[in-house]
Amino acid sequence: MLDVIIWIIISALFILSFAGIVFPIVPSVLVLWVGFLLYQFVLDGTELNAIFWIVMAVFTILLIVADIIANSYFVKKYGGSKWGERGAAVAVIIGSFITPPFGIIYVPFIVVFIIEMVQKRTTKEAFRASIGSLFGFLGGTFAKIVIQVVMIIWFFILVLF
């Protein structure tokens with residue numbers, strides 16, 4: 001009976017980890033790790049090997065930097081300034097509190113536009129940089145979804161087969 005309850009909790013944690021993609025306040029990677037550790041220390045401490053833990057640590061680092069890398073890359077690619085890149089990163093966090101989940105899309109767009117206009121960019125240049133922040137968000141989100149799915153699938157492959 002305890003095993004069933006633990007499996008329900010682990011499954012719920014894995015599902016909850018995807019909420020962090022839309023609501024950055026939910027620490028997705030931490031929620032995944034709680035599920036892994038719960039399995040390791042409550043159900044079976046032998047299934048998850050050292051390679052699993054090393055790869056999960058690498059994936060964790062990738063998850064943490066995915067937004068930063070994607071945002072920085074796309075804002076820069078679309079002609080944004082360093083201040084636009086930084087503003088987009090901060091705006092994602094602020095936007096998640098203003099009107100979740102949509103704030104993480106439109107707040108960085110607006111912030112980057114304003115920052116670029118203040119720096120005497122043309123409206124077209126500021127708009128392009130704002131579009132870059134939107135693509136950065138979408139790129140980072142896609143990367144996080146893929147990485148989390150891979151982490152969860154790998155976990156289930158190890159423990160079920």
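A nonpolar core is a set of buried Ala, Val, Leu, Ile, Met, Phe, Trp, Tyr and Cys residues joined through side-chain atoms within 4.5 Å. Keep that in mind, as you'll be visiting one soon. Also remember that you're looking at a predicted model.

**Stop 1: the whole chain**

Start with everything shown as a cartoon. You'll find six helices and zero strands in the protein chain, so following the definition of these runs from the N terminus, the pattern reads α-α-α-α-α-α. Rotate the C-alpha trace and you'll see that its principal axes span about 65 × 30 × 15 Å.

Now switch on the surface. About 8,900 Å² of the protein chain is exposed, and carbon and sulfur atoms supply 80% of that area. Of the 161 residues, 37% count as buried.

Try colouring by charge next. There are 9 positive and 7 negative side chains, and the centres of these two sets lie 22 Å apart.

How do contacts connect stretches of the chain? Take those between residues at least 6 apart in sequence: 66% of them join residues at least 24 apart.

**Stop 2: the largest nonpolar core**

Select Phe-14, Leu-32, Phe-36, Leu-48, Phe-52, Met-151 and Phe-155. The largest nonpolar core has 19 residues, and these are the ones that touch the most other members. Colour α1 (2-22), α2 (28-43), α3 (50-77) and α6 as well, since those are the elements giving two or more residues to this core. Which element gives the largest share? That's α6, with six residues. As background, nonpolar side chains in soluble globular proteins tend to be buried together.

Zoom in on Met-151 now. Leaving aside neighbours within four places in sequence, Met-151 is in contact with Leu-32, Trp-33, Phe-36, Met-56, Phe-59, Thr-60 and Leu-63.

**Stop 3: Ile-147**

Slide along to Ile-147, which you'll find in helix α6 (residues 123-160). Is Ile-147 buried or exposed? Its relative accessibility is 13%, and because buried means under 20%, Ile-147 counts as buried. Show its surroundings and, not counting residues up to four places away in sequence, you'll see Ile-147 touching Phe-59, Leu-62 and Leu-63. Then draw a distance from Ile-147 to Trp-53: these two are 94 residues apart along the chain, and their C-alpha atoms are separated by 15 Å.

**Stop 4: Ser-81**

Jump to Ser-81, in the loop between α3 and α4 (82-98). Ser-81 counts as buried because its relative accessibility is 8%. What does the side chain of Ser-81 reach at 3.0 Å? Look for the backbone nitrogen of Gly-84. Show Glu-116 too: a polar contact of 2.8 Å joins its side chain to that of Ser-81. Beyond neighbours within four places in sequence, Ser-81 is in contact with Val-75, Ile-115, Glu-116, Gln-119 and Arg-121.

**Stop 5: Phe-23**

Finish at Phe-23, which sits in the loop between α1 and α2. At 33% relative accessibility, Phe-23 counts as partly exposed, because that label covers values between the 20% limit for buried and the 50% limit for exposed. Select Pro-100 and Pro-101 alongside: Phe-23 is in contact with both, leaving aside its neighbours within four places in sequence. One last distance to draw runs from Phe-23 to Ile-104, whose C-alpha atoms are separated by 8.2 Å although the two residues are 81 residues apart along the chain.

How values were computed: Residues are numbered from 1 along each chain as its sequence is written. This is a predicted model: local features need pLDDT of at least 70, side-chain atom pairs count only at pLDDT 80 or more; totals for chains, interfaces and linings use all residues. Side-chain values use heavy atoms; hydrogens and water are left out. Helices (H or I, at least four residues) and strands (E, at least two) are DSSP runs, numbered from the N terminus. Buried means under 20% relative accessible area, exposed over 50%, partly exposed in between (1.4 Å probe, protein chains only). Contact means heavy atoms within 4.5 Å. Accessible areas come from the Shrake-Rupley method with a 1.4 Å probe; for residues, only the protein chains shown count as cover. Lys and Arg count as positive and Asp and Glu as negative; His and the chain ends are not counted. The place of a charge is taken as NZ of Lys, CZ of Arg, CG of Asp or CD of Glu. A polar contact is a pair of N or O atoms within 3.5 Å; within protein, one must be able to donate a hydrogen and the other to accept it, and residues adjacent in sequence count only if both atoms are side-chain atoms.
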